[in-house]
Amino acid sequence: MYSHGSESLIKQAREIQESELQKFHSRLVKLLQGKELGHEAVDSLQRLHLILSATKYTRTLPPELQKRLQSLLSSPAEQFQVLSSAVLRETLPLSGQEANYNQENFTQLNSHAAALLLSQAGSRADVSSLCVHLLRSLDSRQSEGPANSLTHTLPILNSVLTHSPECLTADHVTLLSKKLVDWLRYASITQGGGAPSGGFFTGPRSRQPVPTAELDGTVSGDFFTVLCVGQSFTEDQWMNVYSFSMLRHWLLTYHSVSNGNNTADTDDRSEVDGSVVSMVSATSSSSRLLPPKERLREKAFQYCQRLIEQSDRKAHKRTDTDLQKACLVEAVCILDCVCGEDASLVFRTFPCIKALFGRLSSDLSFARVLLPIAQFYLNHGEMAAVDCESVWTLVFGRFPAELFNDPFLAHEFLRFLRLNLESLQLRVPQYSHSFPNLLKFLAWDSPAVVDDFVDLLPSLVTAGTAVELLHTLLDLPCLSATLVLQVRSTCLPISEPAGRGLLSLDAFRNQSFRGLFLFLLRGEAGSGDTIDRLSTLHELLAETADWPRVVQCAQTVPMLLHIFFDTVIAVADEKLLAHLVQAMLERSSLLLNIPKYNKEIHRVFSCHLLRMCKLHPSLVVGQSHELLEFAGATAKVYSKEEVYTHVVWVLGEYLSASCDSRCSVRLITSCFETLEAVLFEITSSAPPPGADCPVPRVVTSLMSALAKLASRSHDLIPRVSLFLSKLRTVTRGRPVAWCSDEEDLVAIVTRGEELWSLLKAPGVAQSVLTPPPPVTTPQWHRDSNVAMPLRLRALTNLTHSQ
């Protein structure tokens, strides 16, 4: 975990003696008394922090040292602010001075000092006291307080709002809402400090106020916003920026603050009255008669509309363009918040949002702005009765198809889906059919987004999409390889620099195979379950089996398949399950050859095949043709022993008239003959070249299935008994070619002898090999309608000595 040098330093810090520590404290106090603090002071503070944090015990510093550290919190050098705050957080306040250890000790309250105060607050009262001090500083005149103190106030209040909103009262909410309105709407529109007008006699008196400018260089003609630029900013302009940065958090949280407190917000009105007032304010020249919350919503609405207008200007710098995008995201989110609070604002906001979407929808570089717009349409589109089709076509169509390799968009897009899962399922029909597109995020970067798809996958499983979704999940490694090829084909030459060409890349560019890859890259479901030439596709992608993205993608598929089957079993009818059984049998032979991938998929198939047949035993009779065709292929014994074993087991277990009245003697005989032929073939010859001997479980499963079938059709018992008796004599005292392990052979023979003994008594064999449900799940001791409890008591009395 740590390097040798780091462990040595930590050990020294833990083992320092008290006397040596006191000497170090004294030297540090003298060092901090100097007028100029240099590298030695920085090294000493870092060492002190290591000593304090290396032990689990909280230490107390000498009073003089603690005062010096507190004074460093207002140092002009931020490095000393950070170090002193970190050191003081590892200590306890001085004994008896807890009441004095508050914000009044600091000449300038900055974010590091506030972090210390919040970390050492002992109760809600301490945090409330800090809030009172902060809000008092907001309400005071600028000349009454220290310079630049306000610029740290809002970030600190935002931290309090995040961690302890109950410490703010309704009066605090009203006061802060009023201040936010002033900073957002009425900040100065001239640059701070003035600007030289030029000329020979330039001096302080000749400097005139210079207005702020827009990002395109034109003079700002409206109120100040975060997108206005200048050489320097005044404090109220900085407060404008801070206010905008915390506005959305405030709008989302201040309801719980006021509602959770006993202080009544007498300035605010009911939600119905507020809506009426907002509608009136739309045509009023002034909104100062509105209550604080209503007024804040109105000014936030105006501020965001101005930001949207400013974002249409051509910025001179690349960084300013990025700032425009970030502000657009925040502005649309804030508009979403205020419309959620006041429904009447929806009709005033939608024209602006609709125009913004029309302007940005053709440029995918604004994709992270378009997501909040989609959120706005989802939340308010139904109320405004607007057509959202173009929005969802863009979000579920072009976004995943063209931006699957953008990690930031992937995170925000999948977060959008998770937060709105229920609404998307109800209101957006494209959602469940867009899984071929959505899974591109998973195919490209599986480790980063697999947690998101664990939550999303159940919502994509419907009766209409289940079969195609199963095939798509199994083809996910192929999709991963295809996406890599798609990216490489656009940025690489026909062959790699080393001269070794990629056959898969050539195939991707070949028009004759284009249809295969286009199917994998399809944007929505409904064009078919799977690919006709799937084996051809796997041959073309054979060299991609060891690519890191493909391997990582393949590792996530088994887990997703478990989630898929858990969901589909709960919602599917028997007809759909029959389709899934057919798909599993077919796809067990059609998987991309990735190490361990096939075995993992076979294990998942086997598990859920048993679950489906146990829930619906009639599936075995309904799909008997497909199951027998699979079980009759001897090659599958050696290549797919996991699935093959479980197919044989369900045939022997559920191919019975008690499970399905359609099961006839003819069907039982046909199944018996198919399994008998396979068992005879694998036990009478050596395995094919290159194949291992069949696992003992396959042989014993075949013998058990034959015995079960024979117990239901007694005419078959002599054939099974003859085979089992021959098996015992053939294997006695000599090795056989089809089983290389002696212990396995003994286990197989023992199982054969047990079955042979049971079949000597057909009635007993049927009750043992295929017991009825009352036997497998007995309830006799609880059933008052049978005589079993009385018999048990009688037998107990007889067997127990008196």
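Buried here means under 20% relative accessible area, so Phe 605, at 2%, counts as buried. The legends below walk through a predicted model, one close-up at a time.

**View 1. Phe 565 meets Phe 605 edge-to-face.** A pair of aromatic rings is described by the distance of the centres and the angle of the planes. For Phe 565 and Phe 605, that works out to 6.5 Å centre to centre and 90° between the planes. Phe 565 belongs to helix H27 (residues 548-571) and Phe 605 to helix H29 (residues 597-615), so this pair ties together parts that are 40 residues apart in sequence. Phe 565 is tucked away too: its relative accessible area is 0%, which makes it buried. If you go hunting for others like this, a search of the whole structure turns up 19 aromatic pairs.

**View 2. Trp 649 and Tyr 654 make another edge-to-face pair.** Here the ring centres are 5.9 Å apart and the planes sit at 80°, which is why the pair is called edge-to-face. Trp 649 is partly exposed, with 36% relative accessible area. Tyr 654, on the other hand, is buried at 11%.

**View 3. A cluster of rings.** Which residues do ring pairs link into a cluster? They are Trp 392, Phe 396, Phe 399, Phe 413, Tyr 431 and Phe 441.

**View 4. Arginines over rings.** Arg 306 has its charged end over the ring of Phe 223, 5.6 Å from the ring's centre. Over at Phe 508, it is Arg 514 that lies over the face, at 4.7 Å from the ring centre.

**View 5. Arg 306 again, now with Glu 309.** Besides sitting over Phe 223, Arg 306 forms a salt bridge with Glu 309, and their closest N and O atoms are 3.6 Å apart. The two are three residues apart in helix H12, so about one helical turn separates them. Is each partner buried or partly exposed? Arg 306 counts as buried, at 6% relative accessibility, while Glu 309 is partly exposed at 37%. Zoom out a little and you find both of them in a network of salt bridges that also links Glu 214, Asp 216 and Arg 313.

**View 6. Arg 297 and Glu 341 join two helices.** Side chains of opposite charge can pair when their charged atoms come close. The side chains of Arg 297 and Glu 341 meet in a salt bridge, at 2.7 Å from N to O. Arg 297 is in helix H12 (residues 292-310) and Glu 341 in helix H13 (residues 318-341), so to speak of distant parts of the chain is fair: the pair links residues 44 apart. Both partners are buried.

**View 7. Glu 653 reaches Lys 708.** This salt bridge has its closest N and O atoms 2.7 Å apart. The pair links distant parts of the chain, with Glu 653 in helix H33 (residues 641-654), Lys 708 in helix H35 (residues 696-712) and their positions 55 residues apart. Glu 653 counts as partly exposed, at 22% relative accessibility, whereas Lys 708, at 10%, counts as buried. The search of the whole structure finds 28 salt bridges, including the pairs shown here between Arg 297 and Glu 341 and between Glu 653 and Lys 708.

Definitions and conventions: Residues are numbered from 1 along each chain as its sequence is written. This is a predicted model: local features need pLDDT of at least 70, side-chain atom pairs count only at pLDDT 80 or more; totals for chains, interfaces and linings use all residues. Side-chain values use heavy atoms; hydrogens and water are left out. Rings of Phe, Tyr and Trp (its six-membered ring) pair if their centres lie within 6.5 Å; planes under 30 degrees apart count as stacked, over 60 as edge-to-face and the rest as tilted. Helices (H or I, at least four residues) and strands (E, at least two) are DSSP runs, numbered from the N terminus. Buried means under 20% relative accessible area, exposed over 50%, partly exposed in between (1.4 Å probe, protein chains only). A charge sits over a ring if NZ of Lys or CZ of Arg is within 6 Å of the ring centre and within 35 degrees of the ring normal. A salt bridge is a side-chain nitrogen of Lys or Arg within 4 Å of a carboxyl oxygen of Asp or Glu.
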